[in-house]
Amino acid sequence: MPENPSAPATPPWSSRPGARTWRCAPAPAEVRDFHAALPGYAPTPLIELPALAGESGVGRVFVKDESCRLGLPAFKALGVTWAVHRLLAERAASGTEPGPVTLVTATDGNHGRAVARTARLCGQRAHVFVPRGVHPRAVAAIVAEGAEVTRVPGPYDEAVRRAAGAAVARDAVLVQDSAWPGYERIPGWIVEGYSTLCAEIDEQLAATGVRAGPDLVSVPVGVGSLAQAVVTHYRGRGLECPPALLAVEPEAAACVLASLVRGAAVSVTTGETAMAGLNCGTPSSLAWPVLHGGLDAAVAVPDSAAARAADRLSALGVSSGPCGAAALAGLRAVLGGAGADERRTALGLDAASVVVLLSTEGPSANPHPLSGR
Ligand SMILES: Cc1ncc(COP(=O)(O)O)c(C=O)c1O
């Protein structure tokens, strides 16, 4: 039994038997080629950490390190670049809107910075709505990309409403990484863009001799778009032995966990968390059916667990911000504390299992002080 004294007695957790047999259509194959042709593109590292495998009682643990992705300290540019490419191509093809466009969005930090950077590189404008709780340095990074920033004195969901309102202006387009009924096309492209991350993992695992793919992937979750991309990747290709997929949320904003428990998408009132990118109260409407079908489990972790996970990763040479470290915090919560054996069985893990943790940001993306070290 792995030792994990820091895990809560019983973590907030939900699992769904049968998720591994759920199937969906795959992401379009051309996304990877698009990213590969971008200036500055390189696959992010997949780092094996044998010490974590020993601590977790599994065979091998790999961390996908997104601390430097297309020059930014989080994975988000994968989705934004592909979505903006599709959007601008469509506008050019229609021939009706030749002038510059303002890309409008709301953000907990990383997505807005990626929108601002992409707008600048494409010669467009950006207007970014930032809710309370985002670190001033993360806001300054968006401003430094040349974007107009509007601060919203409310939670993330309120910032999304404000951005959607602003995007009705002429020559403005909402580029949001979450969908709702009637607004699904651009978020769908963003999710497609994230597929490159999973394609890289396949190639990198194969290069290390892992032929059958991972047995568990642990994903930090805000609105669930990244997790949607992960589920789509592993449930969309008819794999013989598809991995278990685990969603990890902050206790202060566990909307996907609450939705899985309820069996229907629900909004939760969010609180404060250092995991700023995960501080979302409503699952994306596009993501929800995919997560409901194809996620094996969801777990919620406190900031203190993310802080300890970030420390452990740092000691092993991987720099993660709070959201990035959540993937390890979730694994530890699942494999430790009361009921750990049942949770391990629910995820199908044994001493030979291969685990991939998505460390979705580096520390500079989200410089919140982490409590609980
Ligand atoms: C660093 C980081 N990790 C994970 C996520 C979660 O992604 P999603 O909101 O698609 O669930 C975000 C979202 O902003 C993020 O910034």
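**Entry 1. Overall form**

I began with burial: 57% of the 373 residues of the protein count as buried. I note at the outset that this is a predicted model. I then took the radius of gyration, which is 19 Å; a compact globule with 373 residues would have one near 21 Å, so the two agree. Along its principal axes, I find that the C-alpha trace spans about 60 × 40 × 40 Å. For secondary structure I list 13 helices and 11 strands. I also looked at contacts between residues at least 6 apart in sequence, and 76% of these join residues at least 24 apart.

**Entry 2. Domains**

I recorded the division of the protein into domain 1 (13-74 + 187-365) and domain 2 (77-182). Their centres, taken over C-alpha atoms, are separated by 24 Å. To the contact, domain 1 contributes 34 residues and domain 2 contributes 27 residues. On the side of domain 1 that touches domain 2, I find that helix H1 (30-36) and helix H7 (185-207) are the elements giving two or more residues. H7 gives the most to this side, with 10 residues. I sorted the same side of domain 1 by class and obtained 17 nonpolar, 13 polar and four charged residues.

**Entry 3. Surroundings of the ligand**

I looked up where the ligand lies relative to the domains. Domain 1 and domain 2 both give residues to the shell around the ligand, and therefore it lies between them. There are 20 residues around the ligand, and those that come nearest are Gly222, Ser225, Gly277, Thr360 and Glu361. Helix H4 (110-121) and helix H8 (225-235) are the elements that give two or more residues to the shell. H8 supplies the largest share, three residues. By class, I count nine nonpolar, seven polar and four charged residues in the shell around the ligand.

**Entry 4. Helix H11**

I next examined helix H11 (residues 303-315), which has 13 residues. From first C-alpha to last, H11 reaches 18 Å, close to the 18 Å expected at 1.5 Å a residue. I list Asp303, Ala305, Ala306, Ala307, Arg308, Ala309, Ala310, Arg312 and Leu313 as buried in H11. The cover over these buried residues includes strand S3 (60-65), strand S9 (244-250), strand S10 (297-301) and strand S11 (354-359), together with helix H12 (322-335). After H11 comes Gly317, and I note its positive phi, near 95°.

**Entry 5. Loop residues**

I looked up two residues that have a positive phi without being glycine. Leu70 has a phi of about 50° and is placed in the loop between S3 and helix H3 (77-94). I count 22 C-beta neighbours inside 10 Å for Leu70; buried requires 20 or more, so Leu70 counts as buried. Asp171 has a phi of about 60° and is found in the loop between H6 and strand S7 (172-174). Asp171 has 11 C-beta neighbours inside 10 Å and therefore counts as exposed.

I closed with Pro153, in the loop between strand S6 (148-151) and helix H6 (156-166). Pro153 has 8 C-beta neighbours inside 10 Å, so I enter it as exposed. From Pro153 to Val130 I find 8.5 Å in space, C-alpha to C-alpha, with their positions 23 residues apart in sequence.

Note on methods. Residues are numbered from 1 along each chain as its sequence is written. This is a predicted model: local features need pLDDT of at least 70, side-chain atom pairs count only at pLDDT 80 or more; totals for chains, interfaces and linings use all residues. A residue is near a molecule or strand if its C-beta atom, placed from the backbone, lies within 6 Å of it. Helices (H or I, at least four residues) and strands (E, at least two) are DSSP runs, numbered from the N terminus. Ala, Val, Leu, Ile, Met, Phe, Trp, Tyr, Cys and Pro count as nonpolar, Asp, Glu, Lys and Arg as charged, and the others, Gly among them, as polar. Domain bounds come from an automatic or database domain assignment. The radius of gyration is taken over C-alpha atoms; the globule rule is 2.2 Å times the number of residues to the power 0.38. A residue is buried if 20 or more other C-beta atoms lie within 10 Å of its own, exposed if 12 or fewer, and partly exposed in between; C-beta atoms are placed from the backbone. Two residues are in contact if their C-beta atoms, placed from the backbone, lie within 7 Å. The expected span of a helix is 1.5 Å times one less than its number of residues.
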